[in-house]
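Here are a few short exercises to help you find your way around a new structure. Try each task yourself before you read the solution.

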Amino acid sequence: MNVGMQGIVTLTGIIIKAEPIGEYDRRVVLLTKERGKISAFAKGARKPGSRLMAPTNPFSFGQFRLYEGRNSYTIAEAEITNYFEKLRQDFVGAYYGMYFLELCDYYTRENSDETQLLKLLYQSLRALTSSNFDNRLVRCIFELKTIMINGEFPGIYAKDALMEATAYTIDYIMKTPAEKLFSFHIKPDVLCELQLFSKEICKKVLEKDFKSIEILENLE
């Protein structure tokens, strides 16, 4: 993190939420490497031709220069390295991505070290844009790893009666860093069992209904 003159900070992160404020402004929520989740204002971001219009859309990843006020941040400029354009063109993939953003918003806190979750989110969005991965598997990996990172994974019990391949997959997800997670494929029967297991864990752990997942399940 770089701190410049006049209270300007440079943070690396991704826009996980954006909403209109007033006539032309936008309020965004950023998941950053250096300061966890923060809120920031982007003045004039909704004006036609604004240089902040594209960088303040959800999924935009890069470096953000912000004025740090007493109670809030204001975005001065942004250098985006990945807009995840493919997600914007893939209707179903976009809803998977929005669900991941919602889950990150739910779990993260300001001034917490969210480096692991930021890495996981970035790699998961990359996997969604790749034709090599089944989105359903990407979702299972993202859900389970997010719960593991936050220390809420209850483990596997005998009553779960999982196939050996499914139990091995879950163990692999638990032990593997985000950068190397999306490097395997599983058989349809294993994916089906993994989906059921992940759904059950989410039901136990997450105390929230996510809008994007309702839409996604209707689409599928």
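**Exercise 1.** Find which residues make the nonpolar surface patch of about 270 Å² in this predicted model.

*Solution.* Start with Phe 91, then add Ile 215 and Leu 219: these residues make the patch. Next, place Phe 91 in the chain: Phe 91 belongs to helix 2, which covers residues 91-107. Finally, check its exposure: the relative accessible area of Phe 91 is 54%, and over 50% counts as exposed, so Phe 91 is exposed.

**Exercise 2.** Work out in which sense strand 6 pairs with strand 4 and with strand 5.

*Solution.* Take strand 4 (residues 36-42) to begin with: its pairing with strand 6 (residues 73-82) is parallel, over 2 bridges. Here Ala 40 stands opposite Tyr 73. Now turn to strand 5 (residues 61-68), which pairs with strand 6 in the antiparallel sense over 8 bridges. On this side, Arg 65 has Glu 77 as its bridge partner. Strands 5 and 6 form a hairpin, with 4 residues between them.

**Exercise 3.** Decide whether the rings of Tyr 99 and Phe 210 are stacked or edge-to-face.

*Solution.* A search of the whole structure gives 11 aromatic pairs. For Tyr 99 and Phe 210, the ring centres are 5.6 Å apart and the planes meet at 75°; over 60 degrees counts as edge-to-face, so this pair is edge-to-face. Tyr 99 sits in helix 2 and Phe 210 in the loop between helix 7 and helix 8, 111 residues apart. Both residues are buried. Ring pairs also join them into a cluster with Phe 100, Tyr 106, Tyr 107 and Phe 142.

Notes. Residues are numbered from 1 along each chain as its sequence is written. This is a predicted model: local features need pLDDT of at least 70, side-chain atom pairs count only at pLDDT 80 or more; totals for chains, interfaces and linings use all residues. Side-chain values use heavy atoms; hydrogens and water are left out. Patches are made of residues with over 30% relative accessible area and no salt bridge: like charges are joined within 9 Å, nonpolar side chains (Val, Leu, Ile, Met, Phe, Trp, Tyr) within 5 Å. Accessible areas come from the Shrake-Rupley method with a 1.4 Å probe; for residues, only the protein chains shown count as cover. A salt bridge is a side-chain nitrogen of Lys or Arg within 4 Å of a carboxyl oxygen of Asp or Glu. Buried means under 20% relative accessible area, exposed over 50%, partly exposed in between (1.4 Å probe, protein chains only). Two strands pair if DSSP finds at least two bridges between them. Rings of Phe, Tyr and Trp (its six-membered ring) pair if their centres lie within 6.5 Å; planes under 30 degrees apart count as stacked, over 60 as edge-to-face and the rest as tilted.
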